[in-house]
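Q: Please take a close look at one part of this chain and set it in the context of the rest. Give the cut-offs behind each term as you go.

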Amino acid sequence: MAVINWQKSSYSSESANCICLAAAPERAIKIRESDEPDVIITTTADGLRALLRGFKAGEFDHLTS
C-alpha cells in the first residue's frame, strides 16, 4: 500500500476543520477533511479548480445556513 503524503494549508495553523490534499497516481488529487480523515475523495486538477472557483463564487453558501 502506498504512503499518502497529505499537505495542509499553512493558513490552517493548528485549527480543526482543515482540508488536506495529496498527489495520487495518474495525476489525480486526493482530498480529505481533518475531522473525518477516513473520508477521501479523488479528483483531477480540473475538478479541484472548478470546486475552488465554486467556493469563491459562493455557490455552496446555501449549504452552511
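A: Rings of Phe, Tyr and Trp (for Trp, the six-membered ring) are paired if their centres lie within 6.5 Å, and planes under 30 degrees apart are stacked, over 60 edge-to-face, and the rest tilted. By this rule the chain has one aromatic pair. Phe55 and Phe60 make up the pair: their ring centres are 5.2 Å apart and their planes stand at 65 degrees, so the arrangement is edge-to-face. Relative accessibility is 46% for Phe55, which is therefore partly exposed (buried is under 20% relative accessible area, exposed over 50%, partly exposed in between, with a 1.4 Å probe and protein chains only). Phe60, at 30%, is likewise partly exposed.

The model is predicted: local features need pLDDT of at least 70 and side-chain atom pairs pLDDT 80 or more, while totals for chains, interfaces and linings use all residues. Residues are numbered from 1 along each chain as its sequence is written, and side-chain values use heavy atoms, without hydrogens and water.

The part to look at closely is strand 3, with its neighbours on either side. The chain holds one helix and four strands (DSSP runs numbered from the N terminus; helices are H or I with at least four residues, strands E with at least two). Along the sequence the order is β-β-β-β-α. Strand 3 covers residues 28-33 and strand 2 covers 19-24. These two strands run antiparallel and are joined by six bridges (strands pair if DSSP finds at least two bridges between them). One of the partnerships puts Cys20 opposite Arg32 of strand 3.

Strands 2 and 3 form a hairpin with three residues between them. In the loop between these strands lies Glu26, whose phi is positive, about 60 degrees, though the residue is not a glycine. Arg27 is in the loop between strand 2 and strand 3 as well, and its phi is about 65 degrees, again positive in a residue that is not a glycine. Most residues other than glycine have a negative phi. Glu26 is exposed, with 79% relative accessibility, and Arg27 is exposed at 78%.

On the other side, strand 3 pairs with strand 4 (residues 36-43) in the antiparallel sense, over five bridges. Lys30 has Thr42 of strand 4 as its bridge partner. Strands 3 and 4 form a hairpin too, with two residues between them.

Ile31 belongs to strand 3 and is buried, at 9% relative accessibility. Leaving aside neighbours within four places in sequence, Ile31 has contacts (heavy atoms within 4.5 Å) with Trp6, Ile19, Cys20, Leu21, Val39, Ile40, Ile41, Thr43 and Leu48. One of these, Ile19, is twelve residues away along the chain, and its C-alpha atom is 6.9 Å from that of Ile31.

For the chain as a whole, 17% of the 65 residues are buried. Of the contacts between residues at least 6 apart in sequence, 9% join residues at least 24 apart. The exposed area is about 5500 Å² (Shrake-Rupley method, 1.4 Å probe), 55% of it from carbon and sulfur atoms. The C-alpha atoms fill a box of roughly 40 × 30 × 20 Å along the principal axes.
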